[in-house]
Amino acid sequence: MKTKEIKIAVEVLEFEELTPLEQTLVTRAREMTSKSYAPYSRFCVGAAIALSNGEIVTGANQENVAYPSGTCAERSACFYAHAQYPDAKFVEMAIAARGTDGEFVTEPISPCGACRQALLEYETLAGANVPVLLAGQDVIYKLQSVKSLLPLAFTDF
């Protein structure tokens with residue numbers, strides 16, 4: 001039997017250590033948590049994606065009583081981004097969340113599996129790594145690529 005070890009580098013940063021673009025993305029993602037429609041889980045998530053054309057597209061989770069009919073913040077942002085700007089490439093993105101207490105989560109959260117796969121599609125389309133910022137209240141995790149979130153990803157062969 002062989003063992004394959006997969007290591008993922010995660011930078012642990014404070015807001016002040018981010019570039020101006022990264023600060024903008026985190027701020028916009030945090031703002032979008034207030035645009036969530038999450039009456040069932042009360043877990044509000046926001047996302048912001050910087051595009052190669054200079055636009056920043058945002059999204060927020062939208063729940064529905066028929067649970068699988070809702071959508072996550074990450075997918076609402078990435079699908080809207082590509083629908084509105086099909087020629088623009090994803091450059092970088094940020095995700096933030098408020099817990100059921102209404103406060104920003106202390107530790108960063110990461111996207112669900114469906115969002116990871118959807119985001120990877122757009123990173124592949126971009127032809128370059130798309131860094132991901134996962135924003136907690138006091139700490140921000142920076143991953144160098146969406147693929148870091150899904151190391152054994154399903155891809156089109």
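These legends describe close-up views of a predicted model.

**View 1. Strand β2 and its burial.**
Strand β2 covers residues 44-51. Eight of its eight residues are buried. C44, G46, A48 and A50 point one way from β2. V45, A47, I49 and L51 point the other way. Both sets are buried. C44, at the start of the range 44-51, has a relative accessibility of 17%. That value is under 20%, so C44 counts as buried.

**View 2. Pairing of β2 with β4.**
Strand β4 spans residues 90-98. β2 and β4 pair in the antiparallel sense. Eight bridges connect the two strands. One of the contacts to show is G46, whose bridge partner in β4 is A96. G46 is buried and points the same way from β2 as C44, A48 and A50.

**View 3. The β2 and β3 hairpin.**
Strand β3 comprises residues 56-60. Five bridges join β3 to β2, and the two strands run antiparallel. A50 of β2 stands opposite I56 in β3. Four residues lie between the strands of this hairpin. In the hairpin, G54 takes a positive phi near 90 degrees.

**View 4. Cysteines without disulfides.**
The whole structure holds zero disulfides. For C44, the closest cysteine sulfur belongs to C72. The two sulfurs are 13 Å apart, which is too far for a bond. C115 is in no disulfide either. Its nearest cysteine sulfur is that of C112, 3.7 Å away. The cut-off for a disulfide is 2.5 Å, so this pair does not qualify. C115 is buried, with a relative accessible area of 0%.

**View 5. The salt bridge of E5 and K7.**
The count of salt bridges comes to two. One of them links E5 with K7. The closest N and O atoms of this pair are 3.6 Å apart. That distance is within the 4 Å cut-off, so the pair counts. E5 is exposed, with a relative accessible area of 61%. K7 is exposed too, at 72%.

**View 6. The salt bridge of E22 and K142.**
E22 forms a salt bridge with K142. The closest N and O atoms are 2.6 Å apart. E22 lies in helix α1, residues 20-32. K142 lies in strand β6, residues 140-143. The pair therefore ties together parts that are 120 residues apart in sequence. E22 counts as buried, at 4% relative accessibility. K142 is buried as well, with a relative accessible area of 14%.

Notes
Residues are numbered from 1 along each chain as its sequence is written. This is a predicted model: local features need pLDDT of at least 70, side-chain atom pairs count only at pLDDT 80 or more; totals for chains, interfaces and linings use all residues. Side-chain values use heavy atoms; hydrogens and water are left out. Buried means under 20% relative accessible area, exposed over 50%, partly exposed in between (1.4 Å probe, protein chains only). Two strands pair if DSSP finds at least two bridges between them. A salt bridge is a side-chain nitrogen of Lys or Arg within 4 Å of a carboxyl oxygen of Asp or Glu.
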